[in-house]
Amino acid sequence: MSLAPRTLFDKIWQPHVVMQRDDGQSLLYVDRHLVQDGSAPAFEMLRQRGLPVRRPDRAFATPDHYVPTDSRVLADIADPEKRAMAQALQDDSAAAGIRFFGLDDLRQGIVHVVGPEQGLSLPGSVIVCGDSHTATHGALGALAFGIGASEVAHVLATQTLWQRKPRTLRVTIDGRLSEGVSAKDIILAVIARLGAAGGTGHVIEYAGEAIRALSMAGRMTVCNMSIEAGARAGMVAPDDTTFEWLAGRPEAPQGAAWDEAVARWRQLPSDDGAVFDTELRLSAGDIAPMVTWGNSPEDALPITGRVPDPAEAATAERRASMQRTLAYMGLEAGQMLDEVAVDRVFIGSCTNGRIEDMRSAAEVVRGRRVAEGVEAWVVPGSGLVKQQAEAEGLDAVFLAAGLQWRHAGCSMCLGTNGDQVAAGQRCASTSNRNFVGRQGPGSRTHLMSPAMAAAAAITGRLTDVRSLLAAH
Ligand SMILES: CC(C)[C@H](C(=O)O)[C@@H](O)C(=O)O
Ligand code: SF4
């Protein structure tokens, strides 16, 4: 019997379908449920209906959005509502018997950094979390996606979730990246090409030589931003890079179970001849260090470019929206991107808060000084990333260069914990969203890689990091 070639997505989706409904929805079994500090309403829904958490052993919780990054004490959260949300996660987890890493635990951090780090996110599994950047975990060869508050309650109560089967989109990045170009540049280039809605209804599989050559951290950066192209999830087929990275992690299978798991996981990659609903191909050699200029991640250009001119917009509607964007961002049409001065720098987030990101930023700032008037922060994605960076002396490199070295959390990516960019200030940020007011009311965000953000910290403007790497 010959089976039709299947995609990585099919190979995960099919065995997780418990039942199908006539309206096209499938009930999926959920292997892993990651829970963060926005989950209090979901626990409240369960309480109101008198429902217990069905599989507390399949869930795992850590606070990230509301936690302070200058202290490790919840009582230091100034806003009482936010303090209550962070506290509720701790209490709800304890009551349900869900494992919880709090601020006094080095394993605490941004849930999308912690899940993979602990080996909670495994190839072939279905992973959900009440957070849109859950796509990150797809880098391990999992099907991982964000869900809403009532779905979080549904998963807590039943360990299943109703989903419509998405379509598949393969993004192939051929060839090799040039010096100074990273995973973040790949995904910004992909989103610029697809558009912020180009992936709607799809799960993206990233493939090709440049993706295979990425570290796990790089693959997580790419998958993380799939949602910024509108996609449901992003994934990379597991390979030796994945297995080497996962081996020995606390929650990964050990011993004979590990060998069995790896043998199973080796069957996951898309078969030759597997058909995707849509295909996109880019050449890695064509990708330059990228920055965004607007209020959507699709507004991304090579740093060698200029701020686009609304006069050249294809439609009147687009022209008007570009004019609004340039006014909000305080930019002039035609201005060289590398002449745009910044006030703030944020290196961190679930996109770029891993040890590899810390290393690549440190490499750029080592032996240099942050530009006069620029306030630059480095916020590791977890307590363990922080510890590792300190063991490597990276904190000393940042501090000597005049950057701040903070505790783990979402921090200035979203600013819900009070770490904000002031109105009118411009921030070079390694996060994933540059929406109006994202980093604080009136804040102006330019997305880029950790190396590019580090370069901006040193020169005080958006900068092609390749010029600094050459000078080192
Ligand atoms: C607060 C949370 C639900 C939200 C998300 O879903 O992504 C946040 O993490 C974000 O990045 O905007
Ligand atoms: S780091 Fe930013 S994008 Fe990631 S979960 Fe936190 S707020 Fe959302």
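These are my notebook entries on a predicted model of a protein with two ligands.

**Entry 1. Confidence**

I began with the scores of the predicted model. The mean pLDDT of the protein is 97, and 100% of its residues reach 70 or more. I also recorded an ipTM of 0.98 and a pTM of 0.98.

**Entry 2. Domains**

I next looked up how the chain is divided. The protein consists of domain 1, covering 8–279, and domain 2, covering 292–471. I noted that the C-alpha centres of these domains lie 25 Å apart. To the contact between them, domain 1 gives 41 residues and domain 2 gives 40 residues.

Which helices of domain 1 each supply at least two residues to the side that touches domain 2? I found helix H4 (111–118), helix H6 (183–194) and helix H8 (216–224). Of the contributors to this side of domain 1, H6 gives the most, with 6 residues. I then sorted the side of domain 1 that touches domain 2 by class, and obtained 17 nonpolar, 13 polar and 11 charged residues.

**Entry 3. The parallel sheet**

I turned to the strands. An open sheet is formed by 5 strands in the order S5-S4-S3-S6-S7, with parallel pairing. Its edge strands are S5 (99–100) and S7 (143–146), each of which pairs on one side only.

I followed one pair within this sheet in detail. Strand S6, residues 126–129, is joined to S7 by 4 bridges in the parallel sense. Within this pair, Ile127 has Ala144 of S7 as its bridge partner.

**Entry 4. Antiparallel pairs**

I then examined strand S2, residues 25–29, which pairs in the antiparallel sense with strand S1, residues 17–20, over 3 bridges. Here Gln20 has Ser26 of S2 as its bridge partner. The hairpin of S1 and S2 has 4 residues between the strands, and in this hairpin Gly24 takes a positive phi near 95 degrees.

With which further strand does S2 pair in the antiparallel sense over 5 bridges? The partner is strand S8, residues 160–164. I noted Arg164 in S8 as the bridge partner of Gln25.

**Entry 5. Strand S19**

I looked up strand S19, residues 444–447, and asked whether its residues are buried or exposed. Arg444 and His446 on one side are buried, as are Thr445 and Leu447 on the other. Both faces of S19 are therefore covered, given that a residue counts as buried if 20 or more other C-beta atoms lie within 10 Å of its own.

Strand S18, residues 426–429, runs parallel to S19, and 4 bridges join the two. One residue of S19, Leu447, is the bridge partner of Ser429.

**Entry 6. Ligand 1**

I listed the surroundings of ligand 1: Gly38, His65, Asp131, Ser132, His133, Gly146 and Leu414. By class, this shell has 1 nonpolar, 5 polar and 1 charged residues.

**Entry 7. Ligand 2**

I ended with ligand 2, which has 13 residues around it. Which of these come nearest? They are Ser349, Cys350, Cys410, Cys413 and Leu414. I counted 5 nonpolar, 6 polar and 2 charged residues in the shell around ligand 2. Domain 1 and domain 2 each provide at least three residues of this shell. I noted that Leu414 appears in the surroundings of ligand 1 and among the residues that come nearest to ligand 2.

Technical notes: Residues numbered from 1 in each chain as written. Chains lettered and ligands numbered in written order. Predicted model: local features only at pLDDT ≥ 70, side-chain atom pairs only at ≥ 80, totals over all residues. Near = placed C-beta within 6 Å. Nonpolar A, V, L, I, M, F, W, Y, C, P; charged D, E, K, R; others polar. Domains from an automatic or database assignment. pLDDT = per-residue confidence, 0-100. Pairing = 2+ DSSP bridges. Contact = placed C-beta atoms within 7 Å. Buried ≥ 20, exposed ≤ 12 C-beta atoms within 10 Å, placed from the backbone.
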